[in-house]
Amino acid sequence: MPKHAVVIAGGGPTGLMLAAELALARIDVAIVERRENQDLAGSRAGGLHARTIEVFDQRGVAERFLSQGQAMQVAGFSFIPLDISDFPVRHNYGLALRQNRIERILADWVSELPVKLYRGRDVTGFAQDDTGVDVELSDGVTLRAKYLVGCDGGRSLVRKKAGIDFAGWDASTSYLIAEVDMVDEPAWGVRRGEKGVNALGRLEDGKRVGVVLVEPHVGKADKPTLQDLRDALVAVYGTDFGVRNPTWLSRFSDMARQAASYRDRRVLLAGDAAHVHAPAGGQGLNIGVQDAVNLGWKLAQVVSGTSPDSLLDTYHAERHPIAARVLRLTMAQTALGRGDDRTEALRETVTELLKIDEPRKRYAAMMSGLDIRYDLGEGHPLLGRRMPDLDLVTESGPLRAFTLLHEARPVLLNLGEPGAFDITPWAARVRLLEARPAGVWELPVLGAVAAPTAVLIRPDGHVAWVGEGTDHGLRDALTTWFGPPTQRSATA
C-alpha cells in the first residue's frame, strides 16, 4: 500500500497550491487528479485579485503569473469598477489571466517540487482511523495517508463521504457559459436582462465567441446541450446567431453553499469543496488558493509533530468566516445584476455610493482580499492582518518583507534594539531577522498605523504577534502557532 503524509483529492488551483505549500515544508504529499494532464476545457475563472498576487509573491513565483497576464484594475462589485491603484500595497492591481493558464503555471511550479501525482484517477472512497486514512482510487489502488484533503470541487466526493453538511441557498438563476463558433455577427458586449447579465465577447484567438447567458428557467444539474444554448440565445437576443461547434459548454448558478465544518478528524476541505457561490466578483479561485496557504503550514507542522493536532482547528476558525462573507457578497451582487427598473434604480444608487472614497476603499479591499483580518485578539491594528511588503534595510543589504517568506517559514522581524529577542527554543523553526523599515506602515482602508518594534509573521503572511517595546506575549504566540519550546532549550 503506497503511503504519503498527505493525500490531496483534486489537482485544480487549490490542490496545486496546497501541494506546493506542503512540499516547501518537506512534507510527503500526493495529488490524485482525474485529468491525465493539466489541460482544462474552457477558460473558467478570469484572473487574480491583489491578495492572491501577494500570496504568490510571498513564495517568489508572482512574476511567473504577471509575465503571462495583464495587470489591470479587476476588482468590482456587480460590474461596478473598484479602483485600488491608490492602495498602499505593492500590487495595487489585479491580473487578467484565464484559469487554464493559471493552472499550467501552478502545475509547472509543482513539477519542480517533490510532489507525487496520481493522474487519470479519482478518489472513490476512504476510511479513517486514529492514525490515518485509507484512500481508495478508481483504479483499485489504496493509498495510506495521515491526512486527506478534499480539493475536489463543489460536488466533492470527499465532503459527501465525510458526511459534512453543505448548507446554504438553492439556485434562483442559472447561466450557460460556452466557447463557440457563430455564423452571424453577434451583438457584442453586455446586455442586462431581467434575471441577470448576458455577455458575448471575442476570445483571444479573435474568431471564436465566449458566451454567458441567463437561462429562461433554472437549469438541471446535468450537462447542458447545444440546443439548451440555442434556446437561451433566442430567449435573450431573438436569434441563436447560427451557434455551432462548442468546445466548452457548461452551466453554473447562483447557488450559495458552505461546508458546516472544514474538518472531520483527519479529513479536511478546501476551495470549492468547502464553499460554492456565483462567480460575481471573481473570488472563487482566489479564496481557494488562500485557503490552501492558510492550511498548508498548519498541516505541515501537525504532520511533522511540531504542533498539536488542535492547530488544525484554527483553519476552520479563520477561513470559514471569510467564505461566509464571500457568499453574502456574491448573493448581493447577483441581486444587483438583475435588469428590472427597480433594481436598475438601486444599481444607480450603489454606483454613486461606491464613487465615494470610504465605501469604495472598504468594498475594494473586501473584493481584492486585502482587508482580511483573522481574529487573534485585541491589540495593534496589524495583529491578524497581512504583513505589508515593506522595503527593509538589513546588515546584509536591502530586501523586501515578502522575500522573507519564500521558504514558507515563520519570521520574527526585530525592528528595534538589536539583540532584544532570544527565541533559541524556537530557532530551528522560526527565523529571527533584525532590520529597519525604509518606509511608513500603511494598511488598506485603515491607513497609517503606529510602527511596531517587532512582528511575528506566520508563513501565510499574517501577523501573529506585534511587539510594542517589549516581548510581552511573544512566547505564548510562538507556542500557539509554532509549537512548544524544544525540551533541551526549555530546561537549559
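Let me begin with tryptophan 481, which counts as buried, at 8% relative accessibility. This value, like the others I shall present, is computed from a predicted model. Tryptophan 297 also counts as buried, with a relative accessibility of 4%. The two rings have their centres 6.2 Å apart, and the pair is classed as tilted because the planes stand at 55 degrees. As for location, tryptophan 297 belongs to helix 7, while tryptophan 481 belongs to helix 11, residues 474–482, so the contact ties together parts of the chain that are 184 residues apart in sequence. Phe482 joins Trp297 and Trp481 in one aromatic cluster.

Across the whole structure, a search finds eight aromatic pairs. Among them is the pair of tyrosine 175 and phenylalanine 252, which is stacked, with 4.9 Å from centre to centre and 10 degrees between the planes. Here too distant parts of the chain are linked: tyrosine 175 sits in strand 13, residues 174–182, and phenylalanine 252 in strand 17, residues 243–253, at a separation of 77 residues. How do the two partners stand in terms of burial, buried or partly exposed? Tyrosine 175 has 11% relative accessibility and therefore counts as buried. Phenylalanine 252, at 22%, counts as partly exposed, because buried requires a value under 20%.

Two further rings have a charged side chain over the face. Lysine 116 lies over tyrosine 118, at 5.2 Å from the ring centre. Arginine 266 takes up such a position over tyrosine 147, at 4.9 Å from the ring centre.

I turn now to the internal spaces. The structure holds three cavities of 30 Å³ or more. The largest cavity encloses about 80 Å³. Its lining comprises 13 residues, and those closest to the centre are Gln283, Ile287, Gln290, Met366 and Gly369. Which elements give two or more residues to this lining? They are helix 7, residues 284–303, helix 8, residues 313–336, and helix 10, residues 357–368. By class, the lining of the largest cavity has six nonpolar residues, six polar residues and one charged residue.

The second largest cavity holds about 70 Å³ of space. Its lining includes Arg51, Val55, Gln290, Val293 and Asn294, together with Arg319, Ile372, Tyr374, Asp460 and His462. Gln290 thus appears in the lining of the largest cavity and in that of the second largest. Helix 2, residues 50–58, and helix 7 each supply at least two of the lining residues. Helix 7 contributes the most, with three residues. The lining of the second largest cavity divides into four nonpolar, three polar and three charged residues.

Finally, a word on an open site. The second largest pocket has a volume of about 380 Å³. Of the 16 residues that line this pocket, Leu24, Ala25, Arg26, Ala408 and Arg409 are the closest to the centre. Helix 1, residues 13–24, and helix 7 are the elements that give two or more residues to the lining. The largest contribution to the pocket lining comes from helix 7, with three residues. Nine of the lining residues are nonpolar, three are polar and four are charged.

To draw this together, helix 7 carries tryptophan 297 of the tilted pair, gives residues to the lining of the largest cavity, and gives the most to the linings of the second largest cavity and the second largest pocket.

Definitions and conventions: Residues numbered from 1 in each chain as written. Heavy atoms only, no water. 1 Å grid on protein atoms, 1.4 Å probe; cavity = no way out; pocket = protein on both sides within 12 Å on 5 of 7 lines; lining within 4 Å. Points joined across faces, edges and corners; volume = space filled by probe spheres on them. Helix = DSSP H or I, 4+ residues; strand = E, 2+ residues; numbered from the N terminus. Nonpolar A, V, L, I, M, F, W, Y, C, P; charged D, E, K, R; others polar. Phe/Tyr/Trp six-rings, centres within 6.5 Å; stacked < 30°, edge-to-face > 60°. Buried < 20%, exposed > 50% of the residue type's maximum accessible area, 1.4 Å probe, protein only. Lys NZ or Arg CZ within 6 Å of the ring centre and 35° of its normal.
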